[in-house]
Amino acid sequence: MKKTIALLPGDGIGKEVVDVTVEVLKAVAEHFQHQFNFNYGLIGGDAIDQKGNPLPEETLEICRNSDAIILGAVGGPKWDNNPVELRPERGLLALRKALDLFANLRPIKTFDSLLDSSPLKKEYVNGVDFIIVRELTGGLYFGKPSERIVHEGQEAVVDTLLYKRSEIERILVSAFEMAQNRRKHVTSVDKANVLESSRVWREVAEEVSKRYPDVELEHMLVDNAAMQLIRSPKQFDVIVTENMFGDILSDEASMITGSLGMLSSASLSSDGLHLYEPVHGSAPDIAGKNIANPIATVLSAAMMLRQSFGLEEEAKAIEKAVDNVLNSGLRTADLTEAGKAVSTKRIGEEIISALADDREIIK
Ligand code: NAD
Ligand code: IPM
Ligand code: MN
């Protein structure tokens, strides 16, 4: 199979984890006889420094001319005091909007070998397997006005939480479809006791659920959901929620797996050009040290192979290689004590060697 993949490493550890992922994809291409062409694009802080724009038009073109996109992360202290249009995060938000990447899937699945790495008790996290379906192109992130204003004669500020009914409907449809192929349970998370947007969200959830009689729908208030994720995470199958709640709950849920550096994601669009990105950010505190965990991005590439290219066997091969490396006891610093940790690059090399070993056995 011949595919073109856009690579947007971005800032901080984004570059380090994308470098490892590209090497893993090259190894997959070799073992399974595919041709992957990689096209690099600038986004975030780097793009601001080089082009004066966090999402240059060339980058959008590179994405549009590709079969799928892999993104590292954007942001860093260097740009934190920039005006809003010149913030790295603006580039990522603009990309999500431009490509209509409305459904962000964030699977939370524990690895047996990492049960001791979670701060939660083993018996609570063992066997956890759910997915957060986060709405990604609406809500507070994109509503206008979003600005400083004068209100009642005082300095004030406004952000706007806006959703079209159709935007709520399509993300709920994605969640129900996903649940049909899983354990048939959807938890729709909102703040319907306070927010009108959440009350409409609930109405739409009820309407959509009628089309999926085999799927059970439960509504949960977001504050309770934050607590339930820690108290009994095994109750969840598919969680669907609006943009900001999904952002917060997924970082929280990452600790069930042991580290934010383990969480992969797929951002799916309406027209089939999807983006794959780790849930974590550019981690300025550890950037440039070759100690970041690359597994979230490597597993995002596996999601890409499965979802965008239909390469199930190849996706499984990556997942198995990651599992084998973790079973062998090798870990980056986020998952073990400092003295025992190995580097970002070493984890990448081990994943590639586990892939090769597996292919030898199959041959
Ligand atoms: P972060 O996710 O970058 O880091 C949070 C903590 O987790 C840090 O201590 C970091 O070292 C650790 N961490 C994150 N990923 C890791 C990995 N792969 N391996 C080991 N440890 C890891 O969040 P933050 O510190 O709040 O934000 C830093 C910058 O990243 C900000 O500019 C923010 O806007 C940006 N950000 C970008 C994205 C994205 O591009 N998708 C996501 C989140 C944050
Ligand atoms: C994420 C990040 C982004 C978000 C930021 C960087 C805009 O936190 O991808 O989770 O809030 O969506
Ligand atoms: Mn986030």
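## Around the ligands

Let's start with ligand 1, which is surrounded by 22 residues, the closest being Gly75, Gly261, His280, Gly281 and Asn293. This is a predicted model, so please read everything here in that light. By class, the shell around ligand 1 holds 10 nonpolar, eight polar and four charged residues.

Which residues surround ligand 2? They are Gly75, Glu89, Leu92, Leu93, Asp247, Val279 and Gly281. Helix H4, covering residues 88-98, contributes the most to this shell, with three residues. Sorted by class, the shell around ligand 2 has three nonpolar, two polar and two charged residues. Gly75 and Gly281 turn up in both places: they are among the closest residues to ligand 1, and they also belong to the surroundings of ligand 2.

## Helices H6 and H7

Two packed helices are described by the angle between their axes and the distance between the axes. For helix H6 (residues 165-180) and helix H7 (residues 196-210), the angle is about 50 degrees and the axes are 9 Å apart. That angle makes H6 oblique to H7. The crossing in which H6 passes H7 is right-handed.

If you would like to find this contact in the structure, look on the H6 side for Arg165, Ile168, Glu169, Leu172, Val173 and Phe176. Their partners in H7 are Val200, Trp201, Val204, Ala205, Val208 and Ser209. The contact of H6 with H7 is made up of nine nonpolar, one polar and two charged residues.

## Helices H1 and H11

Another pair to look at is helix H1 (residues 13-32) with helix H11 (residues 312-327), whose axes come within 11 Å and cross at roughly 130 degrees. H1 and H11 are therefore oblique to each other. Their crossing is right-handed.

From H1, the residues Val24, Val28 and Phe32 meet Glu314, Ala317 and Ile318 of H11. By class, this contact of H1 with H11 has five nonpolar residues, no polar ones and one charged.

## Two buried residues

Is isoleucine 48 buried or exposed? Isoleucine 48 is buried, because 25 other C-beta atoms lie within 10 Å, and 20 or more is enough to count as buried. Its home is helix H2, residues 45-51. Beyond its neighbours within four places in sequence, isoleucine 48 is in contact with Asn53, Pro54, Trp79, Leu86 and Pro88. For a sense of scale, the C-alpha atom of isoleucine 48 is separated by 32 Å from that of glutamate 349, which is 301 residues apart from it along the chain.

Leucine 299, in helix H10 (residues 295-307), is buried as well, with 24 other C-beta atoms within 10 Å. Setting aside its neighbours within four places in sequence, leucine 299 is in contact with Ser264, Glu319 and Val322. Leucine 299 and proline 284 are 15 residues apart along the chain, and their C-alpha atoms are separated by 22 Å.

## Backbone features to check

Most residues other than glycine have a negative phi, and most peptide bonds are trans. Aspartate 100 has a positive phi, near 55 degrees, without being a glycine. Aspartate 100 sits in the loop between H4 and strand S4 (103-109), and it is partly exposed, with 15 other C-beta atoms within 10 Å. Glutamate 152, also not a glycine, has a positive phi of about 50 degrees. You will find glutamate 152 in the loop between S6 and strand S7 (154-162). Glutamate 152 is exposed, because 5 other C-beta atoms lie within 10 Å and 12 or fewer counts as exposed.

Where is there a cis peptide bond? Such a bond joins lysine 144 and proline 145, with omega about 5 degrees. Proline 145 belongs to strand S6, residues 139-151.

## Threonine 336 in a loop

Our last stop is threonine 336, found in the loop between H11 and helix H12 (344-362). With 18 C-beta neighbours inside 10 Å, threonine 336 counts as partly exposed. Not counting residues up to four places away in sequence, threonine 336 touches Arg331 and Ala341. The C-alpha atom of threonine 336 is separated by 39 Å from that of glutamate 216, and the two residues are 120 residues apart along the chain.

Notes: Residues numbered from 1 in each chain as written. Chains lettered and ligands numbered in written order. Predicted model: local features only at pLDDT ≥ 70, side-chain atom pairs only at ≥ 80, totals over all residues. Axes fitted to C-alpha atoms, helices over the stretch in contact; angles between N-to-C directions. Helix = DSSP H or I, 4+ residues; strand = E, 2+ residues; numbered from the N terminus. Parallel < 35°, antiparallel > 145°, perpendicular 65-115°, else oblique. Left-handed = near helix turned anticlockwise from the far one by under 90°. Contact = placed C-beta atoms within 7 Å. Nonpolar A, V, L, I, M, F, W, Y, C, P; charged D, E, K, R; others polar. Near = placed C-beta within 6 Å.
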